[in-house]
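Visitor: Hi, I'm new to this one and would like a walk through it. Can we take it a piece at a time?

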Amino acid sequence: MTKSIRRIGLSAVAAVAVLTCAGAGHAAEEKKPAPKLVVTIVIDQFGSDLFNQHRADFTGGLKALSQGMVYANGYQSHAVTETCPGHSTILTGKRPNKTGIPANDWVDRATGKEVYCLAVLENTLADGGPGENGRVGASAMRVSNLADWLKISSPGSRSFAVSGKDRGAINLAGQKGDGAFWYVDGFGWTTFVEPGQDPAKRLAPVAALNESLRGRPRPDWTYTHDVCRKAAADWMIEGRSWPSRLPPEKPVFDTSPALDELTVEAAIRLLDEQKLGEGPATDMLGVSLSATDRIGHVYGTQGPEMCEQMYRLDAALGALIERLKKVPGGVVVAVTADHGGSDFPERSHARGFEEAGRIDLTFLPSINAEVRRRLNLDFNPLTTGSSGFMIVDKTGKGMAEPLRGKVADVAVELFRKNPLVAGAYRLEEALAAPPPPIGTSPQEFTLLQRMTVGAVANRSADILLAFKPGITAFPARYGRSLASHGSPWGYDRRVPILFWWPGVEGQERFYPIETIDMGPTLANLVGAKPPADIDGRCLDMGAFDVPACPKR
């Protein structure tokens, strides 16, 4: 026993010596100055499952980014994993319950009408059109983000963002952004125009790019990698044979890899023409890439369509990374996703996910009938909105108490009896529940905690419902949506979080972090001060000559 102890002791001494040498070497390493450009890349619906599936195939930008500081197990912590709430977490340091964005849309209880997450009715759009989501603007955001914090400490800093979607660009550019641009087919890059602003001046940063698009031929969407041909097949979906192959039936430009290629082109043009990262102040560029999400919805994630998207996205980002290497003031790139996603349930089921299937909400009439019977009502009190199940009066508006509470109690009881339902909660239950204690791993959040961190009073659905894993809660809509996301399960919540800069030494960090950690981490890097009430924590990247992360 004594000899063993001595041997362990000698090994420990040796280990200390090795660690001391290693530590001395690390301490002697010269640290970089803070970068003059921060680039945030959000790949819509690029969950950790998709990232890990294709990681070995990447040879371009995604390969370079994958050789930086990699958190393969990042999380969007909330339950309703959609584009607008997901984007709202990335640079604000706050979960959706504080950003005020619980979903892409919600029902206004006073009017009974749907409201878009970034609706600003007094604004117009620079292209003169009605917009996919109506009139929008940054003033709809309840909270500030990294770009806004940076402008306080560095008034000369600039912030631009480009995306295939308005909510992708606006959420990244911030409330005081210098330009948030999104793509409108047939026009080019547009933006919102506040009262008194000149549309031409608002579009000036992308005017040359828009002009270059006139008459430009559309790129083909066909096979560029033979390996993708192996994924082609015909699938029987709700009684109809659907061909999964390239080129797809009735291809659409902004539901193809070309949308992301054009978005990256726009980002590079902004870098060149605005000379971002070349001045004395730190600048920001947001790049939200929407094609992975649109392709995932329309075609699923495991066919030749997504296979080709991954290769072409990788190549497009390769061109962006090469350009970023030339930024004279140095650059840090932060990459993540607004949510994950899953394949369409018919293919998932055939490939071993036995629980995968569809539920078309045909059980709702039976629940309405039972609620009516128990409470002696002469109208249906439950309806479905974009954000979930709502309790309404005869006019379709929000129901008043105490009847609303009675309807909610009965409905939750009935929903919980459905074998496909994993959890059902009244909104008040989620609002009243305490948030997860600081330090709780996001992968350990209970289902109620996932609901709580995304619940917003007067905006979230009246009844927060989670179907069991694998269940898609709508029928197949050919050409629009075969697959979806929005669930509280790992395949929708788990996203990669990557940090890269020229010369970075690759490092895998396996422990889970949240997208809310990205804002305070980057703020510490560029000398910006986040608000005191953020949820995220600063991560020490170690390579830069900046103060250590503040303790929480």
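Visitor: Let me start with sulfur: which residue does a disulfide join to Cys538?
Guide: Keeping in mind that this is a predicted model, the partner is Cys549, and the S to S distance in this disulfide is 2.0 Å. Both cysteines lie in the segment after α19, so the bond ties together parts that are 11 residues apart in sequence.

Visitor: Which hand does the disulfide of Cys538 and Cys549 have, left or right?
Guide: The torsion about its S-S bond is about -55°, so this disulfide is left-handed.

Visitor: And is Cys538 buried or exposed?
Guide: Cys538 has a relative accessibility of 15%, so it counts as buried, and Cys549, at 14%, counts as buried too.

Visitor: How many disulfides does the structure hold?
Guide: The structure holds three. With bonded cysteines counted along the chain, they follow the pattern 1-2, 3-4, 5-6.

Visitor: What about Cys84, which cysteine does that one bond with?
Guide: Cys84 forms a disulfide with Cys117, and their sulfur atoms are 2.2 Å apart. This pair links distant parts of the chain, since Cys84 is in helix α4 (residues 83–90) while Cys117 is in the loop between β4 (114–116) and β5 (124–125), 33 residues apart. The torsion about the S-S bond of Cys84 and Cys117 is about 90°, so this disulfide is right-handed, and both of these cysteines are buried.

Visitor: That leaves Cys228 and Cys307; where do they lie?
Guide: Cys228 and Cys307 form a disulfide with their sulfur atoms 2.0 Å apart. Cys228 lies in helix α9 (residues 226–229) and Cys307 in helix α12 (residues 304–324), so the bond ties together parts that are 79 residues apart in sequence. The torsion about the S-S bond of Cys228 and Cys307 is about -75°, so the disulfide is left-handed, and both cysteines are buried.

Visitor: Switching to helices, how many residues of α11 are buried?
Guide: Helix α11 covers residues 291–299 and is mostly covered, with nine of its nine residues buried. Among them are the charged-looking names you may spot in the sequence, Asp293 and Arg294, as well as Ile295 and Tyr299.

Visitor: What follows α11?
Guide: The helix is followed by Gly300, whose phi is positive, near 85°.

Visitor: Now the rings: how many aromatic pairs are there?
Guide: The count comes to 14 aromatic pairs. One of them is formed by Phe46 and Phe51, an edge-to-face pair at 5.9 Å centre to centre with 75° between the planes, and both of these residues are buried. Another is the edge-to-face pair of Trp501 and Phe544, at 4.9 Å centre to centre and 65° between the planes.

Visitor: Where in the chain are Trp501 and Phe544?
Guide: They link distant parts of the chain, with Trp501 in the loop between β20 (494–500) and β21 (507–508), and Phe544 in the segment after α19 (518–526), 43 residues apart. Trp501 is buried, with a relative accessible area of 4%, and Phe544 counts as buried at 4% relative accessibility.

Visitor: Which residues do ring pairs link into a cluster?
Guide: Trp221, Trp235, Trp242, Tyr299 and Phe344 are linked in that way. Tyr299 also appeared in our talk about α11, where it is one of the buried residues.

Visitor: One more: which ring does the charged end of Arg416 sit over?
Guide: It sits over the ring of Tyr425, 5.7 Å from its centre. The charged end of Arg477, in turn, sits over the ring of Phe474, 4.6 Å from its centre.

Notes
Residues are numbered from 1 along each chain as its sequence is written. This is a predicted model: local features need pLDDT of at least 70, side-chain atom pairs count only at pLDDT 80 or more; totals for chains, interfaces and linings use all residues. Side-chain values use heavy atoms; hydrogens and water are left out. Rings of Phe, Tyr and Trp (its six-membered ring) pair if their centres lie within 6.5 Å; planes under 30 degrees apart count as stacked, over 60 as edge-to-face and the rest as tilted. Buried means under 20% relative accessible area, exposed over 50%, partly exposed in between (1.4 Å probe, protein chains only). Helices (H or I, at least four residues) and strands (E, at least two) are DSSP runs, numbered from the N terminus. A charge sits over a ring if NZ of Lys or CZ of Arg is within 6 Å of the ring centre and within 35 degrees of the ring normal. A disulfide is a pair of cysteine sulfur atoms within 2.5 Å.
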